[in-house]
Amino acid sequence: MPRRSDLSSVLVIGSGPIVIGQAAEFDYSGTQACRVLRSEGLRVVLVNSNPATIMTDPEIADATYVEPITSEMIEKIIAKERPDALLPTLGGQTALNAAVDLHESGILDKYGVELIGANIEAIQSGEDRESFKGIVESVGGNSARSRICHSLQECLDAAEELDYPVVVRPSFTMGGAGSGFAHDEGDLRRIAGQGLALSPTNEVLLEESILGWKEYELELMRDANDNVVVVCSIENLDPMGVHTGDSITVAPSMTLTDREYQELRDIGIAVIREVGVDTGGCNIQFAVHPTTGRIIVIEMNPRVSRSSALASKATGFPIAKIAAKLAVGYTLDEIPNDITKETPASFEPTLDYVVVKVPRFAFEKFPGADPQLTTTMKSVGEAMAIGRSFPEALQKAMRSLEKKGVGLTWSGAPGDKDELVERAKVPTETRLRQVQQALRAGATVEELHEATRIDPWYLDQMLRLEEAARALARAPKLDVSVLREAKELGFSDLQIGEITGKSEAVVRELRHALGLHPVYLTVDTCAGEFPARTPYLYSSYDEETEVPAGDKPKIIILGSGPNRIGQGVEFDYSCVHASFALSDAGYETVMVNCNPETVSTDYDTSDRLYFEPLTLEDVLEVVLAEQAAGPVVGVIVQLGGQTPLGLARELEEAGVPVIGTSPKAIDLAEDRGEFGQVLDEAGLPAPKYGTGHSFEQAKAAADEIGYPVMVRPSYVLGGRGMEIVYSESVLADYIDRNAEVSPEYPVLIDRFLDDAIEIDVDALYDGRDLYLGGVMEHIEEAGIHSGDSACSLPSVTLGSEDIERIRNSTEAIARGTGVRGLLNVQYALSSGVLYVIEANPRASRTVPFVSKATAVPLAKAAARIMAGATVAELRSEGLLPATGDGGDLPVDAPVSVKEAVLPFNRFIDKKGEGVDTVLSPEMRSTGEVMGLDVEFGAAYAKSQLAVNSSLPTQGKVFVSVANRDKRSMIFPVKRLADLGLEILATEGTAMVLRRNGVHATVVRKHSAGPGPEGEPTIVQLIHDGEVALTVNTPFGSAGQAGPRLDGYEIRTAAVVRNVPSVTTVQGLAAAVQAIEARVRGDVGVRSLQEHAAVLDAGREALEV
Amino acid sequence: MNTTQNGRGLPGRQEGAEVSEEKGGPAILVLEDGRVFHGHSYGATGETFGEAVFNTGMTGYQETFTDPSYHRQIVVMTAPHIGNTGVNDEDTESERIWAAGCVVREPARAFSNWRAERSLEEEMRSQGVVGIALKGTRALTRHLRDRGAMRAAVSTVETDPQKLLARILEQPTMAGSDLTSEVSTDRAYEVAPPEGVQARFHVVALDLGIKAMTPHRLAERGCRVTVLPASSTAEDVLALDPDGVFFSNGPGDPATADGPVATMRGVLEAGKPLFGICFGNQILGRALGLDTYKLTFGHHGINQPVRDTRSGRVAITGQNHGFAVDAPIDRPFDTDHGRAEVSYIGLNDQVVEGLRLLDRPVISVQFHPEAAAGPHDAAALFDEFVDLMSAQPAPAAR
């Protein structure tokens, strides 16, 4: 069937901010879908609140609404755009839930919008546990024995029947949020309690434990002609009990015979037919008993999922793209396979390689959190690697993680065997390393299988690595055959050095002298059966290389590796933009990255894609291979965050041309002394600072600067390890706790500026002219990491003189350090003095936000500048505005607010309680949203709506603030009362409010316990759903008992019950403005394209 | 150890160095065009000759190696890890490994599956099947894709590729090879329906290299299956008074299969319901007067899409054929036995994947609906055959 002719416009819903369980993969899928729909001649209307995405680039859709994904807002968009159809299967659970809401509230019917690619019944029967179970049984499959419960009592009764341990799974939550194993009643009360609250239908499923079973996933596609194909099978190395998003996974499955695999395939196909998945992708998970083979169907997702992105990258079969085509009427056999061009998409990819995905975690950001991996997903990113054997792929994947203490290593002593085996029983982010160390220490495959339930085949493959390492250690000489054998198993030069007592550099020199290099093979969907037309490559120490030769000048762009807190999709955005811009400018672009969730690793994004780890060794080999195949102009390290930046110096030393800001200039900005000199020469003040290579040095520096001080290790992103330190003893403790502080990497100490306005600037510099991209004013005061802080662009309180000072200072820094491309500077404005906090000569996290807020593609311009263009040239070309910049936006320019999304609801401590939610200099947000409107209040309201903490316009507000904040909270709280909200407060706060004429009801503190008549405490009130908003600013510093603890209980209760929570007075002021805007009802919708038209008109008016 | 001769180093073992992995001694694979791959012995030692073909299945090595259609072929598995699930006593498609040689990249050191009885390597050794583990299986596959399936040898005893090449060139080519008699049963045997399934039809199956799963699939559907040797004539078949006749898969060049073609003609003339798979499809084609030809590298895998020309629906199928029938794919055509049409088309390359007579109860497919290994998408073809038998007047139920 060809494309339906009755559709002319389609609304696509994105997945909103990056959160754990729903990350950049939906940018990849949504971008693909939008492009496909547009290429089919359809008008695409997009809604997504996440600015840091390619899909929200104005050229991807015809009308792009960066608006909250709520029924209320989407209805406004539908009313305005009147799309014929809604495609909800490419924006994760968020989009699917939004579609269900729109259907249930009658909005789709009202406006005659047809759901395509999905139908409500299928969504509901796929998601509703009980009906899904019925479907599985009707096709002859098995489900785990289970009970649906709607109350804690029902849960307790059901658990008696099923026997502990039981699995708790809340309905309709993403990433398995709120699920877990309950081993006893205490566990059950805690997990089921939270699960009932998290589920929008207050429903949880309790089920028999299938802990330790083998776990598999199939990715399927179905078309309107009922053709079904399995795109990929995925086997979890970690057996059942660890969320698949947190598991190490392998594609294709390694330990199933054909009969068993076909049985899974048959069940999968029967289930999606029975569920009635309309068209598109779907994912189904199985547990298989390791000794009986009994198969249990766990769940299915009737939409493109995280695993679909992985499967697409693993096979070269673009699930999202094809899902979009199927949704508009095509059948699989009508769609050509992009990679081979000649064969159709109605086939099942076959792999002649092994793919390994490993998750990356951020437990170090949440010190109290329980590190055990469970059925609630906690990882924040992932790396994927491809090799011609499992060991090769595993080794590449582990080194792609770039995380100390997690990867496989042969340095140092392995430790005690029994202790390692014992520790490996509990799944944590370091389990694979423990297994490897245990093998080093002499553990057997049997012992480790007993401890971990990891399939013996995988353990034997790890033993294979260990045996190879031992042979390597014993080899009298590293000759070509010895080295080659190690390289074939994926050993890095670094590991070979560890084993043989040489440095990485010496091993590499030796290897190169022996002419031993990897070759690059193509991901071709067909195991070589047909020629591949798309250069999607991976390295292997294999037979013959498949790198295509060519004369076109090439630029290699290094991506940002696995997503992590502080280095996420924003950097991928910049890399993708660079690729687009350089391709337009006539270069052949070569992308290197190992993150399967991204647009950059779509084989369509760049002319060539290398799916490779971003280590020096792997990058150098790519450069060598590309140089051998044609001219390479240079490598861009500036756009992918700290990962590629950290390679700059060594790449240059190895003779690789690094374009843009020179590695020397990058170092200069990081070097306190040299950078201080740049500031001095330009007459720019910086907070007093010092550097310490040891505690003594740090102490001396802090004494001179004066407490409180801000301390952090050098070369970090996302404020990793950054803290405000109030005393010497805390400083000593800090140095102790931070393993990353070493003589090589000193700790940096800055004066902490209290009560300062923090300002973030992104700018371009070409060596002559500065283009000020945007000036963002933080809503929270200095001391909270810029990534966690909300900000506004244009700034809403800075005067034009301030902006001029910022412009001049930024230019002086750019000139002084020698920036060519992007520069990010953080300032603090305190008592009229503009301090330079830090400067980063690279793309920052805020580049996509600034680009969207000002309708100027900063990353594209930066890439061009790195390749030699000037600001003046780009202005005349039209890539940058002809006049003016982001610092002098027209008066009627829209106001954009960026807000961070924090993952606190994912983490619980070992006691099963939530982790504290107070913001600090350590960044912990996973993503961001953008609220865009004509004035600040409405924009801020949208930003809050988009982070799913809708600010109330009625109900009860609880207020409890630290003494220092009491004065500044009076006015905003009074305003809330005037707007009709009821104020609850603790004793002290209530008294201040009453004396200022604000009526406040006193509630009991948590520490006071319930009253004599059973009067509830504030924490109970929150749990009972009585409170619509909490305002609670922290008292004192970490480690202090008393008020701080009360605040902790309040804040965590708010997180658990999803009550919006304000923790700073500045945040309160912004919240009040937003509530006012909502009460007034002037929160409308406007597309980015419309905003851009306003901006352009304003700019033209300025020119005249 | 260096495993391949690729200009980056010469094979050889370092004095005093231990080989980290327990692996076989050196082995070579030589192609008839002179390309040489170095590797290690896997399975039995010795020397073997055959046509090198690649199989792209990611599962099902046990079924594949025991499929008689692979007789006289050296099978290159494109999936790197082979042997992971060992070998069991249930999934085997015949009584022995028929592949002349097995080429793998990463042979399993340990196997892991609840049904496994022994390792693949033990099985190969005990059956005297020579194999080789080499790193360049992809390069070898691409070579065969571009230049076509060709004669090859694997040897663990010969160290001089040139000498081996000379012996390869003495071997017969697959085109022109009549192999069915070498793989067929020498005496008739019967496969009865499983317990609880009533025998409704009697099917005579001509064993041209039959896979165990095929009579099993018929038996599941209430057929008592009498399997006859390939040399059986139409008279032999009809003497058993079957309700339907089945022509199996098998190795070799269909152009040489004059005996089975004559048998097929006799059965067609008798008007019996008839079903052919793979080689059986080619035999039907020839019996109808159509030509068969050799494909460049054939179809060997379990991900092959075919379109049912009537319903337009796509099935993913297991396939294993180096020859194909030449017939018009876009319209019905006349044959010696009435009008016919192509019932299935291979979507990767528009190859004929099935035939149907329009006026007689006769169907055949080039792919493997019995699916061992492979997806079960086309299993309904067995039902279609049963329906053809049901539609006949007065079925002789036994």
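So, in chain B, residues 24 or more positions apart make up 75% of the contacts with a separation of 6 or more, where a contact means two C-beta atoms, placed from the backbone, within 7 Å. Before I go on, this is a predicted model, so to speak of local features we need pLDDT of at least 70, side-chain atom pairs count only at pLDDT 80 or more, and totals for chains, interfaces and linings use all residues. Residues are numbered from 1 along each chain as its sequence is written, and chains are lettered from A and ligands numbered from 1 in the order in which they are written.

Okay, chain B as a whole. It has ten helices and 20 strands; these are DSSP runs numbered from the N terminus, helices being H or I with at least four residues and strands being E with at least two. Its C-alpha atoms fill a box of roughly 80 × 45 × 35 Å along the principal axes. What about the radius of gyration? Chain B has 22 Å, which agrees with the value near 21 Å for a compact globule of 398 residues. That radius is taken over C-alpha atoms, and the globule rule is 2.2 Å times the number of residues to the power 0.38. Of the 398 residues, 59% count as buried. Buried here is 20 or more other C-beta atoms within 10 Å of a residue's own, exposed is 12 or fewer, and partly exposed is in between, again with C-beta atoms placed from the backbone.

Now the contact between the chains. It takes 56 residues from chain B and 64 residues from chain A. On the chain B side, helix H3 (137-147), strand S15 (291-308) and strand S16 (314-326) each supply at least two residues, and the largest share, five residues, comes from H3(B). By class, that side has 16 nonpolar, 24 polar and 16 charged residues. For the classes, Ala, Val, Leu, Ile, Met, Phe, Trp, Tyr, Cys and Pro are nonpolar, Asp, Glu, Lys and Arg are charged, and the others, Gly among them, are polar.

Let's stay with H3(B). Eight of its eleven residues are buried, among them Thr137(B), Arg138(B) and Leu144(B). What do those buried residues pack against? From chain A there's strand S17 (519-522), and from chain B there are several strands, including S2 (36-43), S6 (101-104) and S15. Right after the helix comes Gly148(B), with a positive phi near 95 degrees.

Next, the nonpolar core: buried Ala, Val, Leu, Ile, Met, Phe, Trp, Tyr and Cys residues joined through C-beta atoms within 7 Å. In the largest one, with 457 residues, the members touching the most others are Leu220(A), Ala323(A), Ile636(A), Ile983(A) and Val103(B). Another core of 15 residues lies apart from it, with Ala182(A) and Leu196(A) among its members.

Over in chain A, strand S2 (residues 43-47) has four of its five residues buried, so the rest of the structure largely encloses it. Five bridges join strand S1 (residues 9-13) to S2(A), and the two run parallel; strands pair if DSSP finds at least two bridges between them. Leu11(A) stands opposite Val45(A).

Last stop: a "binding site" annotation from an unreviewed UniProt entry covers Glu838(A) and Asn840(A). Positions are in the numbering used here, feature names are shortened, and annotations may be inferred rather than shown by experiment. Glu838(A) lies in strand S32 (residues 833-840) of chain A, and Asn840(A) is in S32 of chain A too. Buried or partly exposed? Glu838(A) is partly exposed because it has 18 C-beta neighbours inside 10 Å, while Asn840(A), with 22, counts as buried.
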